[in-house]
Amino acid sequence: MKREKFTGVKGMNDMLPQDAHLWHFFQKTAIGVLERYGYEEIRTPILENTRVFTRGVGEVTDIVEKEMYSFTDSLNGDQLTLRPEGTSAVVRAMNEHNLLYGAQQRVWYMGPMFRHERPQRGRYRQFHQLGVEAMGIANPEIDAEMLIMINRLWKALGLTDVRLELNTLGNLEERQAHRKALIEYFEANRELLDEDAERRLYSNPLRILDTKNPAMQDMVNAAPRLTDYLGEESQAFLNRIETLLTAAGVAYTINPRLVRGLDYYNHTVFEWITDSLGAQGTICGGGRYDPLIEMLGGRANHGVGFAIGMERVIELLRDMGTVPQKPAADVYVIHHGGETEVEAQRLSEALRDSGVRVLVTPGQAGMKGQMKKADASGARFALFVTGDELARGAVGIKALRAGETQFTEQTEVAKDEAVNQLLGAL
């Protein structure tokens, strides 16, 4: 019978061991930055009620119309969806557990999201996001602090080819006036609209501004701008953010066509973009979403947040080649099996008690093969536990890497001193 070799689902990728150091570096660095600003972790389920997203993200969006993995629970008939983004799920949790009544919340989360779209570099059907949300804070200072914090993260990661684009969507009344002007303008240019734009003309005309269709660019560029409809309060909100970013040395540009793809945004919207990933240049996006908390059943409140596409950042880190891959072990213990393996395991556990990473070949194995494994592991030292040495109450230690100043030749030491000797050399 021919063996069947299974492959993963298209667009849902494995994280392989050779990339683990990049993911760990990003996660550790990001959490370290977030903790400096007082953010705490929150975790929500991968599955949510479908209405969490249709209500929050918006029914006339690409995510809801084309990309969600939704199904009917065969046991109870519930309509469920694999989360396509994290903000709506976090707001649902905040409302459900009454965490915003008279309180502010600063939270972060990491995990997989799911969207059924055409896989390409930096865009996958299962992808991972770092999401950050600050809730219960109305003033623009938190928006600016969040952007300053993201800029700090890029510096900590060593990323330089990133730029910030910023815009405002104003308040509801201003967006409604702008929406009316957009519909009238697009109606007058209807012959230039593609199928997607026609479909969105009356349901979500703002999204037409985000078109990638080259044939529509000139027409879209001449469309009415929301900035022409902003009142004094909305303009002051944006000006305050700009003042704080400039004072902090964070460079940015105002992009009046930046709208983002979700219905729940108001006032601030932003994207961090790189030119190093081709078409998928946005590595971070977010903004203010004050309406969302009430849309999902809570009391009217305030929120601002962002999400970072982790795969895209990992691509940048991989291309930079500046994050060293951590060796699998500090010490590799070599033995002859039998009683020598018993002693090898005892010494290994003693080293692990002191925080040393140790590898041991289980069972009987030849010395040559073990030495090859020791070298491949990246360990700095080999610890030899053999019958002849044990008979003398001793073991051997040898440096495996150039640049080590101790044990450059295999050296015999008393077995009871081996742990302290290695600790001193590491």
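This passage describes a sheet and a pair of helices in a predicted model. Residues are numbered from 1 along each chain as its sequence is written. Because the model is predicted, local features need pLDDT of at least 70, side-chain atom pairs count only at pLDDT 80 or more, and totals for chains, interfaces and linings use all residues, while side-chain values use heavy atoms and leave out hydrogens and water.

An open sheet with mixed pairing is formed by 5 strands in the order β13-β12-β14-β15-β16. Strands (E, at least two residues) and helices (H or I, at least four) are DSSP runs, numbered from the N terminus; two strands pair if DSSP finds at least two bridges between them. The edges are occupied by β13 (358–360) and β16 (411–414), each of which has a single partner strand, so one side of each lacks a neighbour in the sheet. From one strand to the next, the twist averages 30 degrees (angles run from 0 to 180 degrees between N-to-C directions, and axes are lines fitted to C-alpha atoms, for helices over the stretch in contact). Strand β12 (residues 331–335) runs parallel to β13 and is joined to β13 by 3 bridges; V333 stands opposite V360 in β13. Helix α12 (residues 339–353) packs on the sheet and touches β12, β13, β14 (381–385) and β15 (394–399), where contact means heavy atoms within 4.5 Å. The direction of α12 makes about 165 degrees with that of β13.

Elsewhere, the axes of helix α5 (residues 140–157) and helix α9 (residues 232–247) come within 9 Å and cross at roughly 40 degrees. Residues in this contact include L147 and I148 of α5 and F237 and L244 of α9.
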